[in-house]
Amino acid sequence: MSGFAPVQLATRLASFAPVPRCWIALSGGLDSTVLLSAAAAIRALLPGALHAVHIDHGLHPDSGIWSARCQSRCEALAIPLVICRLHLQPAPGESIEAIARAARYRAFIELLGPGELLLTAHNRDDQAETLLLALLRGSGVQGLAAMPFAAPLGAGHLLRPLLDVTRDALAVYARAQGLDWSEDPSNGDTALDRNYLRHRILPLLRERWPAVSTVFSRSASHCAEAAQLSERLAAETLAGLRGERPGTLDIPALSRLDRSRQKAALRLWIKQAGFAAPDARHLDRILDEVLPARADANPLVAWTGCEVRRYRGELFALAPLPEPPSATTSIRWSVSDKIATLELPPGLGRLVWHPTVNGKGTSEPKTLVVRFGQTGLSCRASTAGHARPLKKLYQEAGIPIWLRPYVPLIFAGESLVAVGGICQCRGQETATAQQGTWRWEDHLLETLDPDIA
């Protein structure tokens, strides 16, 4: 078994250009404690100023004690520490591991400044466990690539400089340095998949194949090379598939590809949009249900954190839409000859009234009502035209069927005077007893078409 020394850390980081900060992700356990100690020993050789961050998930009654120990350890080494307290409350049936990991990385993304580095203490044995978990999930080469040494993270980069070091080597170093660390009792809970592999499966494999972690790490590297090649090909393919709206894909162009290239392009497109990649079942559903759907259909494929929908000839990847307001929702709004703002239900932003003549105080306020999801209505969008059904106006404005229930409809009495983001209804200006315009701001449709206001 090869040992570990801080000079190895310095070697792994030597190629990185100077950055404002190098953050150590400090859990307080063995691995991260060793990483912190080694980084402190070579801090003059680091690419940036040494800082540490500790995530308190709030999932264990002793988590406050662990945070305090991390604080003491950093104070002893003169390392600034940021403690992020999350207070997670997983719902019944949710994976605690997955929820904690997602929340932890969100906190890291918020923390990292431009170009800054986050160093985590994942080691060779962690890599072997990750590869086994990916195999058990039936992952492709992207999943079997396990954990890369370096990856973009928010405005900075995530580095795993201990991936070539075994957990035993870290333990030997910790004892030689007289380090103390905290043990999370959940690390011994074999009901959790990773712990089951760590405590039950890998020890058996090592009895027969002592170098199993090294071999698994090598396989992960081969898969990473294949994944990089696949992603480069997918990027070339994706360049010719962009739809007219920002972030969309052109369905006819995508449909002309063979299935393997379709999948590669979809995975990269979804990844670039900032969503978790779909598993094989959801990917197949996108290809088999969404792409060939009728023009008037409203197909949806959803998984945690993402929804894929279509409208006309374009494919959309979106954060999950909120529950649409009820068709019985009515929001009263008083406008006058002064600018007025109305906050709409969550996710729908606000309406802003801009009077033509501001602040004269010569007109009585008029009470309007904002509704959603109304059908059978018409609006005359121009002084020269005729009144046309809302459905026709939505089609001309390119508003997808699945977004129409969120469009605010502004009424004066029973008269429709404006359709949020689309038009004012000409001939109805006198119904408000005011002259002016409405704008719809900071709403979910802006992600599809910035001109909708």
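This passage follows a set of salt bridges through the predicted model.

Across the whole structure, the search finds 22 salt bridges. A good place to begin is the pair formed by the side chains of Arg167 and Asp126, whose salt bridge has an N to O distance of 2.8 Å. Arg167 belongs to helix α7 (residues 167–177) and Asp126 to helix α5 (residues 124–136), so this contact ties together parts that lie 41 residues apart in sequence. Both Arg167 and Asp126 are buried. For Asp126 the relative accessibility is 7%, and because buried means under 20%, this residue falls in that class.

Asp126 also takes part in a salt bridge with Arg198, where the closest N and O atoms are 3.4 Å apart. Here the partner Arg198 sits in helix α8 (residues 193–208) while Asp126 is in helix α5, so the pair ties together parts 72 residues apart in sequence.

Helices α5 and α8 appear again in the next pair. The side chains of Arg194 and Glu129 meet in a salt bridge at 3.2 Å, N to O. With Arg194 in helix α8 and Glu129 in helix α5, the two residues link distant parts of the chain, 65 residues apart. How buried or exposed is each partner, Arg194 and Glu129? Arg194 has a relative accessible area of 24% and is therefore partly exposed, whereas Glu129, at 0%, is buried.

Taken together, Asp126, Glu129, Arg167, Arg194 and Arg198 are joined into one network by salt bridges that share partners.

Definitions and conventions
Residues are numbered from 1 along each chain as its sequence is written. This is a predicted model: local features need pLDDT of at least 70, side-chain atom pairs count only at pLDDT 80 or more; totals for chains, interfaces and linings use all residues. Side-chain values use heavy atoms; hydrogens and water are left out. A salt bridge is a side-chain nitrogen of Lys or Arg within 4 Å of a carboxyl oxygen of Asp or Glu. Helices (H or I, at least four residues) and strands (E, at least two) are DSSP runs, numbered from the N terminus. Buried means under 20% relative accessible area, exposed over 50%, partly exposed in between (1.4 Å probe, protein chains only).
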